[in-house]
Amino acid sequence: MDLNLRKKNVLITGSTQGIGRRIANLFAKEGANVAICSRSPESVNKAVSEISLIGDGKIIGSSCDIKNKEDYVSWINDMANELGGVDIFIPNVSAGGGTGSEKNWWENFEIDILGTVRGVEAVVPLMEQGQGGSIVMISTTAAIETFVAPQSYNAMKAALITYAKQLSQAHGDKGIRINSVSPGPIYFDGGAWDKIKTSNEIFYEQTEKTHALGRLGTPEEVANAVVFLSSSVSSWITGVNLVVDGGYTKRVQF
Ligand SMILES: NC(=O)c1ccc[n+]([C@@H]2O[C@H](COP(=O)([O-])OP(=O)(O)OC[C@H]3O[C@@H](n4cnc5c(N)ncnc54)[C@H](OP(=O)(O)O)[C@@H]3O)[C@@H](O)[C@H]2O)c1
């Protein structure tokens with residue numbers, strides 16, 4: 001299936017490792033032009049060099065902290081100028097989980113919510129100048145079923161799903177589609193579930209068994225869903241939350 005992504009301009013935040021990096025790799029493989037960022041200039045330079053070897057699109061990036069509005073909006077505008085526009089935007093950065101303090105609530109609000117809102121407000125006018133576009137937000141199954149403990153991560157990620165749905169109604173007439181992807185637990189070396197495997201083996205094994213498919217997901221499996229939803233192959237899909245979890249959650253999704 002041709003995803004029609006050749007020469008499309010794609011901006012992905014938090015894309016030097018983990019899920020964001022696999023999304024960048026896959027867009028590059030499909031021939032897209034890709035812009036990446038993280039807080040570390042060394043990691044960005046290394047990732048740009050490695051991703052450049054994957055496809056024949058233009059791969060660029062620079063360091064940027066999503067928490068800093070000015071820095072972040074400049075990153076979006078600089079990348080868009082260098083690529084010649086924005087067709088696809090993936091706000092992927094999260095402050096992650098954590099319980100017990102207001103700090104978690106502020107950080108999830110600043111990074112997960114405002115990091116997405118500021119990004120959307122910067123890219124929508126750029127997409128309008130082009131031929132529309134596609135935005136895919138990265139939520140989590142922790143937003144749609146109870147998970148571990150009451151925490152800001154779960155609640156803020158839930159807010160993103162509602163925000164994406166409302167945006168899809170507001171911007172459909174401009175040819176802009178907005179969807180969410182909610183991954184379940186995803187294992188990769190150095191990732192959160194690698195750390196849990198070492199620190200709490202019993203919880204890790206219980207989590208594996210909870211999956212209908214009997215294992216945790218891979219970041220590549222999440223990237224496949226994100227890239228599909230970003231591409232014109234999914235042209236009639238907007239406002240959905242696609243759960244990518246190997247049967248980890250148990251609700252019936254009507
Ligand atoms: N892993 C899972 O099991 C899982 C499950 C469900 C949903 N998710 C969601 O998937 C997304 C990616 O998760 P992940 O596990 O792949 O994350 P990760 O491995 O921690 O990678 C995060 C990336 O974002 C960058 N980053 C972090 N904070 C940043 C900031 N303030 N500004 C700019 N860049 C920043 C990191 O690089 P630097 O540290 O160098 O900045 C890195 O490139 C998140 O939205 C997460 O909530 C993950």
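**Figure 1. Polar contacts of the ligand with N92, R39 and T16.** In this predicted model, a backbone N or O atom of N92 is 2.7 Å from an oxygen atom of the ligand. The protein covers 85% of the accessible area of 900 Å² that the ligand has on its own. At R39 the contact is made by the side chain, where a polar atom lies 2.8 Å from a ligand oxygen atom. T16 also uses its side chain, with an N or O atom 2.7 Å from an oxygen atom of the ligand.

**Figure 2. The shell of residues around the ligand.** There are 26 residues around the ligand, and those that come nearest are T16, I19, R39, N92 and Y153. By class, the shell consists of 11 nonpolar, 12 polar and 3 charged residues. Two helices, α1 (residues 18-29) and α5 (residues 152-171), each contribute at least two residues to this shell.

**Figure 3. The largest pocket, in which the ligand sits.** The ligand sits in the largest pocket of the model. This pocket holds about 1400 Å³ of space. Elements that give two or more residues to its lining are α1, α4 (residues 102-129), α5 and α6 (residues 192-199). Of these elements, α6 supplies the largest share, with 5 residues. In total, 49 residues line the largest pocket, and S94, A95, G96, Y153 and A192 lie nearest its centre. Sorted by class, the lining of the largest pocket comprises 21 nonpolar, 22 polar and 6 charged residues. Y153 is also among the residues that come nearest to the ligand.

**Figure 4. The largest cavity and its lining.** The structure holds 1 cavity of 30 Å³ or more. The volume of the largest cavity is about 30 Å³. Its lining is made up of T13, I66, P91, N92, V93, I111, G115 and T116. The classes represented are nonpolar, with 4 residues, and polar, with 4 residues, while no charged residue is present in this lining. N92 lines this cavity and also has a backbone N or O atom 2.7 Å from an oxygen atom of the ligand.

**Figure 5. The second largest pocket.** This pocket has a volume of about 310 Å³. It is lined by 16 residues, and Q131, G133, R177, S230 and S232 are those nearest its centre. The lining of the second largest pocket divides into 3 nonpolar, 10 polar and 3 charged residues.

How values were computed. Residues are numbered from 1 along each chain as its sequence is written. This is a predicted model: local features need pLDDT of at least 70, side-chain atom pairs count only at pLDDT 80 or more; totals for chains, interfaces and linings use all residues. Side-chain values use heavy atoms; hydrogens and water are left out. A residue is near a molecule or strand if one of its heavy atoms lies within 4 Å of it. A polar contact is a pair of N or O atoms within 3.5 Å; within protein, one must be able to donate a hydrogen and the other to accept it, and residues adjacent in sequence count only if both atoms are side-chain atoms. Accessible areas come from the Shrake-Rupley method with a 1.4 Å probe; for residues, only the protein chains shown count as cover. On a 1 Å grid over the protein atoms alone, a cavity is a set of points where a 1.4 Å probe fits but cannot get out, and a pocket is an open set with protein on both sides within 12 Å along at least five of seven lines; lining residues have an atom within 4 Å of a point. A molecule sits in a cavity or pocket if more than half of its atoms lie within 2 Å of its grid points. Helices (H or I, at least four residues) and strands (E, at least two) are DSSP runs, numbered from the N terminus. Ala, Val, Leu, Ile, Met, Phe, Trp, Tyr, Cys and Pro count as nonpolar, Asp, Glu, Lys and Arg as charged, and the others, Gly among them, as polar. Grid points are joined across faces, edges and corners, and a volume is the space filled by probe spheres set on the points.
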